[in-house]
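Subject: Structure handover

Hello,

Here is the structure for you to look over. My notes on what was found in it come straight after.

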Amino acid sequence: MLASLITTPAELLEQIVIIAAHQHRQGPPSVLRSLRLTCRMSNNALSPESNSYLYLMLFKDRFSPWRDFPGGQLTVDNIEHELRKRFRALQCIRRGDVADPDILESLSTIYIMMLEDDGRNWDQLLWAQLPVFITRFLRERLMVGAETNNGWPTENEVNVLAVSIFWLMSCSESIRDETDELRREFVQLLSPYSFAGFRYPCFSGLEYDLCPSKNSPKTVATSAHGEYFTIRPVSTTICYFGRPIPFNLPPLAPYAILVHFSRLETRPLMIPPHLPETQAEAVANGISGPTKEDIVYFNTRCKTHFPDTIYGNRFDTLRKSRRHDPDWTRCIRDPLYRSPSSLPGQYIPGTISGRWQGSFIAPYYNIYKDMLSSSSAPLPFPTFGRFPLYVTFRELYCYSPSIPLPLRGNEGAFENAFLPIGCRWHETEARIEFTGENASFKSYYSPPRQEHVEIGFVGGTAGNSKPSVHGAFDVIITGVTEDRYAAAWGGYRYIGRIRPSDGLIVLLREPLDPQMVELGRALFRGYIISSRNFVGRWRCMSGGVRPPEWESIFSLCKDMSWE
């Protein structure tokens, strides 16, 4: 008897599909659809109900392993559902229709694929021509709706995901290949999200609340732009492996800020010819401030890190997807209150310790004041000056039996970097000691224990702490500008706290030299995101919950030569 599909064993059909699909590993496996359409018997033999193993193997062949699912073991139905959804999203992107009615589902799927990527997901996204699609989306769709919003772009779910994906797929090569005109266009498109803190929050929840909850009082003020603090889109529901789960949208502003700095860095700071060559020469001639050597160092070393940056340290030993642990955890967890007695995965212990370098933007006061007082977006959006920023940070933890600093009921603590008003502290190499006003409390914080730092690098995902480190309740960050950088750019000290619910870092900055009080105090707030950039906004100390007189942006990356 001649062989036919009707008489072919199901196991053989399965192997035919797997081998053929493996030959062309990008995009949906066309051989599966073709064979299922040939006859009823092959359709039944290759259906998910009859052949769960086939769909598991196809998923593993096409996509990176999924993360631990918070709801028990996945069934073949879950895997088959996710397989279909991902292929649907890839085909949507490949069609290139930036106005597709299902664009929200497609982009949310793509965003999760990028956070889970260990190599295979990116291969599929390249097949779908994602870079071309996202570039077209930003240029053609990002400003849709701005004409009825006084010229300001909207921060809706689709724009949030598009800008987030745009940063996650960025690398030094892609920026190098952009024309100067295209770089300027991206900066102009995203500058409103970066600089207009009075319209676009940079944070997952209300920034002034250390322990937000559903019942937290919402303190607001009004300006020409409406309510402040502005409420951004926070959560939607997505279908993940066939199950509906809450999906917390990332704030758009940090990604826009990173896009902004990564393009600015293609234009190095100019070196004035009158500057001394080195600090030694400057000191010998009684000159203060930066030298030619300082500017060369800044231009060559202070570069924004990309998601695929090689660090040359133990961070490189992590799977690519593990780098995204903080962003992933912020997305799949409720952004509201988490008990500070368990440090969540939004912050990997040991991440901020070390030397950081980057830059900040200093706004022009009158221009910012005009933006704040006018309801209309400026056109073109103004540009501001960029300046170097250096700081060396320490992490200090409150371990049992010490009692952490009070968390609530301290009005004005936000402007004091979430430290209780009136408290005093003394820092040594061994620890930092806090004493409350009128000796109302005493707290001790010490450097992280070795096993605590290893949480982020040994076994499981960040935040799955070992029993021996459950005593860590709270994190204090201190920092200082090292002498070599202070001589060129000014010296500052920093102190602040990490918010347990989402990993927000809030730091108070003061001049090191008490004779330089005119430099003023400033508040830095931001996240360390998966590309290992500390990014956010800094502002003057305005007092109270209202739009500050001015606010701008900063981005720092870790100096790996320090480790």
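Start with helix 14. Its buried residues are Lys292, Asp294, Ile295, Tyr297, Phe298 and Asn299. Buried means under 20% relative accessible area, exposed means over 50%, and partly exposed is in between (1.4 Å probe, protein chains only). The cover over these helix 14 residues includes helix 13, strand 5 (354–362), strand 6 (385–399) and helix 18 (483–489). Contact here is heavy atoms within 4.5 Å. Helices (H or I, at least four residues) and strands (E, at least two) are DSSP runs, numbered from the N terminus.

Some ground rules. This is a predicted model, with residues numbered from 1 along each chain as its sequence is written. Local features need pLDDT of at least 70, side-chain atom pairs count only at pLDDT 80 or more, totals for chains, interfaces and linings use all residues, and side-chain values use heavy atoms, with hydrogens and water left out.

Salt bridges next. The structure holds 23 of them. The criterion is a side-chain nitrogen of Lys or Arg within 4 Å of a carboxyl oxygen of Asp or Glu.

Lys292 takes part in one. Its side chain meets that of Glu277 at 3.2 Å, N to O. The pair links distant parts of the chain, 15 residues apart: Glu277 sits in the loop between helix 12 (252–264) and helix 13 (279–284), Lys292 in helix 14 (residues 292–301). Glu277 is partly exposed, at 43% relative accessibility.

Glu185 and Arg139 form another, with the closest N and O atoms 3.0 Å apart. This pair also links distant parts of the chain: Glu185 is in helix 11 (residues 180–195), Arg139 in helix 8 (residues 130–140), and 46 residues separate them. Both are partly exposed, Glu185 with a relative accessible area of 24% and Arg139 with 47%.

Now a bridge inside one helix. Lys85 and Glu82 meet at 3.6 Å, N to O. Both lie in helix 5 (residues 76–95), three residues apart, about one turn of the helix. Both are buried. Glu82, Lys85, Arg86 and Glu116 are linked in a network of salt bridges.

Last, helix 7 (residues 120–127). Asn121, Gln124, Leu125 and Trp127 are buried there. They fall within an arc of 155° seen down the axis, so they line one face of the helix. The arc is taken over directions from the helix axis to the C-beta atoms. These residues pack against helix 4 (52–62), helix 5, helix 6 (103–115) and helix 8. Gln129 follows helix 7, and its phi is positive, near 60°.

Best wishes
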